[in-house]
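Subject: Structure for you to look at

Hi,

Here is the structure I said I would pass on. Have a look at it first, and then read my notes below.

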Amino acid sequence: QVSLVESGGGLVQAGGSLRLSCAASGGTFTNYVMGWFRQAPGKERVFIAGISRSAYSTYYTDSVKGRFTISRDNAKNSVFLQMNSLKPEDTAVYYCAATMGFVRSLEYDYYGQGTQVTVSA
């Protein structure tokens, strides 16, 4: 079973950038597809980005495409989310996630504890 710990959240003005990091432990990192989900206040947690085991393929939902970039460093058991041109509607708790399944899965198998991102207008 893999454990995930996110970092890098915080408060940023609209138009700004943040980089989230996620450190994985307790499993073979390259066995897992990695992803990021987010949960806005009063809403369900939703998938926003995923990356394949080799980092060859990535997938984004339309709401973040062109602004967010997911990447991974298999040597460091880490996955990242670079978030640019942030908007107030990006405000949410962001979760790192791992799955033995597919990049486009709507649900992953493991989640971190989450990190808060707040974008002020």
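A quick definition before the details: a salt bridge here is a side-chain nitrogen of Lys or Arg within 4 Å of a carboxyl oxygen of Asp or Glu. Please also keep in mind that this is a predicted model.

**Salt bridges**

With that definition in hand, the structure holds three salt bridges. R38 pairs with D90, and their closest N and O atoms are 2.9 Å apart. This pair links distant parts of the chain, since R38 belongs to strand β4 while D90 sits in the loop between β8 and β9, 52 residues apart. Both partners, R38 and D90, are buried.

D90 has a second partner too: the side chains of D90 and R67 meet in a salt bridge at 2.7 Å, N to O. D90 is in the loop between β8 and β9 and R67 in the loop between β6 and β7, so this pair ties together parts that are 23 residues apart in sequence. Put the two pairs together and you get a network of salt bridges linking R38, R67 and D90.

How buried are the two ends of the R67 pair? D90 has a relative accessible area of 0%, and R67 comes in at 11%. The cut-off for buried is under 20%, so R67 counts as buried at its 11%, and D90 is buried as well.

The remaining bridge is between K65 and D62, with the closest N and O atoms 3.2 Å apart. Here K65 is partly exposed, with a relative accessible area of 48%, whereas D62 counts as exposed at 65%.

**More on R67**

I spent some extra time on this residue. R67 lies in the loop between β6 (58–60) and β7. Apart from its salt bridge with D90, the side chain of R67 reaches the backbone oxygen of S85 at 3.0 Å. What else does R67 touch, not counting residues up to four places away in sequence? The list is Q82, M83, N84, S85, L86, K87 and D90.

**The cores**

The largest nonpolar core has 29 residues, and M34, W36, L81, M83 and Y94 are those with the most contacts inside it. At least two residues of this core come from each of β3 (18–25), β4 (33–39), β5 (46–51), β7 (68–73), β8 (78–83), β9 (92–99) and β11 (115–120). Another core, of seven residues, lies apart from it, with V33, F47, Y95 and V103 among them. You'll notice that M83 turns up twice: it is one of the residues with the most contacts inside the largest core, and it is also touched by R67.

**A four-stranded sheet**

One open sheet is made of four strands in the order β1-β3-β8-β7, with antiparallel pairing. β1 (3–7) and β7 are at the edges with a single partner strand each, so one side of each has no neighbour in the sheet. From one strand to the next, the twist averages 15 degrees. Going in at the β1 edge, five bridges join β1 to β3, and these two run antiparallel. Within that stretch, E6 stands opposite C22 in β3.

**Two more loop residues**

G114 is found in the loop between β10 (110–111) and β11. Is it buried or exposed? At 16% relative accessibility, G114 counts as buried. Leaving out residues up to four places away in sequence, G114 touches E6, V93, Y94 and Y95. Some of those names are familiar by now: E6 is the residue opposite C22, Y94 is in the largest core, and Y95 is in the seven-residue one. For a sense of distance, the C-alpha atoms of G114 and L86 are separated by 18 Å, with their positions 28 residues apart along the chain.

E44 is found in the loop between β4 and β5, and it counts as exposed at 68% relative accessibility. Outside its neighbours within four places in sequence, E44 is in contact with R38 and Q39. That brings us back to R38, a member of the salt-bridge network. E44 and V5, 39 residues apart in sequence, are 20 Å apart in space, C-alpha to C-alpha.

Cheers

Note on methods
Residues are numbered from 1 along each chain as its sequence is written. This is a predicted model: local features need pLDDT of at least 70, side-chain atom pairs count only at pLDDT 80 or more; totals for chains, interfaces and linings use all residues. Side-chain values use heavy atoms; hydrogens and water are left out. A nonpolar core is a set of buried Ala, Val, Leu, Ile, Met, Phe, Trp, Tyr and Cys residues joined through side-chain atoms within 4.5 Å. Buried means under 20% relative accessible area, exposed over 50%, partly exposed in between (1.4 Å probe, protein chains only). A polar contact is a pair of N or O atoms within 3.5 Å; within protein, one must be able to donate a hydrogen and the other to accept it, and residues adjacent in sequence count only if both atoms are side-chain atoms. Contact means heavy atoms within 4.5 Å. Two strands pair if DSSP finds at least two bridges between them. Axes are lines fitted to C-alpha atoms, for helices over the stretch in contact, and angles run from 0 to 180 degrees between N-to-C directions.
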